[in-house]
Amino acid sequence: MVFSLWGCNKEESAAEETTIETSEIEVPSLPDQVFGYSDLVFPAAWLQDPALQLFGGFGSDIAVTDHGATLGRVLFYDAQLSQDGTVSCSTCHAQERAFTDGQTKSVGVSGNETHRNAMALFNVGYQRRLFWDVRTIGIENQVLQPIEHPDEMAMDLDELTERLTGMEHYKALFIDAFGDEEITEDRIASALSQFVLCMHSYSSRFDAGLENDFIHFTAAEVLGKDIFFNGDSRCNQCHSGKNLFSTQPFINGLEVDYAASGDAGVGALTNDPFDDGRFKTVSLRNIGLTAPYMHDGRFASLRDVVDFYSDDIQPHAYLDERLGVAGFGVPGQAPYQLNLTEEEREGLVAFLKTFNDTIMPTAEWLSDPF
Ligand code: HEC
Ligand code: HEC
């Protein structure tokens, strides 16, 4: 359904129309019965995972309500949150790609490229520190940043609350979510956070394997699993626990000197050589859906990633010890050489794809309501 935002007086609205080009506003179609977002819970095995309990303790404490997340869903997919009405969160975070966009760098309203590769979104409740350089603490402090960022949505927040206040269909959504129709920055942030917190991902071929002893795995997947968990590759020592991630940022040896090559990650914030190239140790769940890879999208395929870990880790003054020859001790050792065979490389790639979620990428409750 489509109606005109500016009513019939075209002349009076000419001024506004120079800042917002779209005059036709789409209205979302939502289910008659609100979806039970507040009923979404992680499986018992997750809730009992000691590492995740610890991380969860540092995660978000925002309470998710059914109407709050419903409003968040509409906001997440609404291009009216951007200055020229062309970019929504979902432009760079598309559900079918585990909320990434398939681009090396994303393009926002400005036509400029973003500084880094768009990150996958799921299990955010277990993550306290956000962005590749973990600069922001708490999802509620993150969600307004892309709206204001000049290279992403370039929208002034006062203008946004005014714009949404002028859109009839948001009234009922805010009343249902917060008790009255007042639209504020804090309420927008809360609703967006609630929706993002509902992007749960714990259903994959790998998870099924944990239940059935991997009887449904191919020979290649079994080989890849053995490499992932053996003490030589140490993949699981950084991408660890149920969520296959770490809350700590590590240096995985993409560059000898990251600052010199343009992005020092945490090091750009601290100016400490110890942090040069320290980046968030992202989860490997859904990794088959989120190419290209790494903070700058440098690797087009998982095969490129596996080739990198096998043969091409760079010597770095503070390379994480798990990627060094000894595997423990001090950072900055010579990088390990896995020298994987062709069969082992293909096996590891096949295994990594078993982390793809079988529900989240098509779940109705996370989909575009417009
Ligand atoms: C133009 C593309 C673009 C748009 C639009 C965009 N993002 Fe992002 N998003 C990115 C990029 C790029 C990063 C990584 C930036 C960095 O680390 O410096 C990111 C990172 C994130 C993260 C951090 C994830 C993590 O694991 O640390 C969250 C959460 C997020 N975005 C949510 C949103 C929300 C909510 C919106 C809409 C309000 C949005 N994004 C709009 C490109 C975009
Ligand atoms: C020292 C800890 C560490 C070890 C060991 C490690 N990784 Fe990583 N991994 C990281 C970090 C940190 C990043 C992000 C680096 C960046 O983008 O600059 C990463 C990124 C990745 C990515 C890309 C993620 C994305 O969304 O772009 C994949 C895939 C990956 N690792 C797979 C593996 C595999 C397979 C192994 C074992 C061969 C492994 N990792 C071993 C720390 C580690």
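A residue is counted as buried when its relative accessible area is under 20%, and phenylalanine 355, at 0% relative accessibility, therefore falls in the buried class. The structure in which this residue is examined is a predicted model, and the values reported below were computed from its atoms.

Phenylalanine 355 is located in the segment that follows helix 15 (342-353). Although 150 residues separate phenylalanine 355 from arginine 205 along the chain, the C-alpha atoms of the two lie 6.6 Å apart. Leaving aside residues up to four places away in sequence, phenylalanine 355 is in contact with Ser204, Phe206, Phe228, Leu244, Leu284, Arg285 and Asn286. Arg205 is in turn touched by glutamate 221, whose other contacts, again without residues up to four places away in sequence, are His216, Gly347, Ala350, Phe351 and Thr354. Glutamate 221 belongs to helix 11, which spans residues 219-229, and with a relative accessibility of 9% this glutamate is likewise counted as buried. Its side chain comes to 3.0 Å from the backbone nitrogen of threonine 218.

With regard to the chain as a whole, 15 helices and 6 strands are assigned. The radius of gyration of the chain is 22 Å, close to the value of 21 Å expected from the globule rule for 370 residues, so the chain is as compact as a globular protein of that length. Along the principal axes, the C-alpha atoms occupy a box of roughly 70 × 50 × 35 Å. Buried residues make up 51% of the 370 residues of the chain, and of the contacts with a separation of 6 or more, 67% are formed by residues 24 or more positions apart. The accessible surface of the chain amounts to about 16700 Å², and carbon and sulfur atoms contribute 52% of this area.

Two ligands are accommodated in the model, and their surroundings are described in turn. Around ligand 1 there are 26 residues, of which Cys89, Cys92, His93, Phe131 and Lys280 come nearest. By class, this shell is composed of 14 nonpolar, 8 polar and 4 charged residues. Polar approaches to oxygen atoms of ligand 1 are made by arginine 116, a polar side-chain atom of which lies at 3.3 Å, and by glutamine 127, where the distance from an N or O atom of the side chain is 3.4 Å. For glutamine 142, a polar side-chain atom is found 3.4 Å from a nitrogen atom of the ligand. The elements that give two or more residues to the shell around ligand 1 are helix 5 (89-92) and helix 6 (145-148).

Phenylalanine 131, one of the residues that come nearest to ligand 1, also has an unusual backbone setting in that its phi is positive, at about 85°, although the residue is not a glycine. This phenylalanine is placed in the loop between strand 3 (129-130) and strand 4 (136-137), and its relative accessibility of 17% puts it among the buried residues.

The shell around ligand 2 contains 24 residues, and those closest to the ligand are Cys235, Cys238, His239, His295 and Tyr309. In this shell, 16 residues are nonpolar, 5 are polar and 3 are charged. An N or O atom in the side chain of histidine 239 is 2.9 Å from a nitrogen atom of ligand 2, while a polar side-chain atom of tyrosine 309 lies 2.8 Å from a nitrogen atom of the ligand. In the case of histidine 295, a polar side-chain atom is placed 2.7 Å from an oxygen atom of ligand 2. At least two residues of the shell are supplied by each of helix 12 (235-238), strand 6 (279-280) and helix 14 (302-311), and the greatest contribution is that of helix 14, with 3 residues.

Further backbone features occur in loops adjoining strand 6. The peptide bond that joins alanine 291 and proline 292 is cis, with an omega of about -5°, and proline 292 is part of the loop between strand 6 and helix 14. Asparagine 271, a residue other than glycine, shows a positive phi near 55° and is situated in the loop between helix 13 (266-270) and strand 6. With a relative accessible area of 68%, asparagine 271 is exposed, whereas phenylalanine 131 counts as buried.

Note on methods: Residues numbered from 1 in each chain as written. Chains lettered and ligands numbered in written order. Predicted model: local features only at pLDDT ≥ 70, side-chain atom pairs only at ≥ 80, totals over all residues. Heavy atoms only, no water. Near = heavy atom within 4 Å. Polar contact = N/O pair within 3.5 Å; in protein donor to acceptor, adjacent residues only side chain to side chain. Helix = DSSP H or I, 4+ residues; strand = E, 2+ residues; numbered from the N terminus. Nonpolar A, V, L, I, M, F, W, Y, C, P; charged D, E, K, R; others polar. Rg over C-alpha atoms; globule rule 2.2 N^0.38 Å. Buried < 20%, exposed > 50% of the residue type's maximum accessible area, 1.4 Å probe, protein only. Contact = heavy atoms within 4.5 Å. Areas by Shrake-Rupley, 256 points an atom, 1.4 Å probe, with all protein chains shown as cover.
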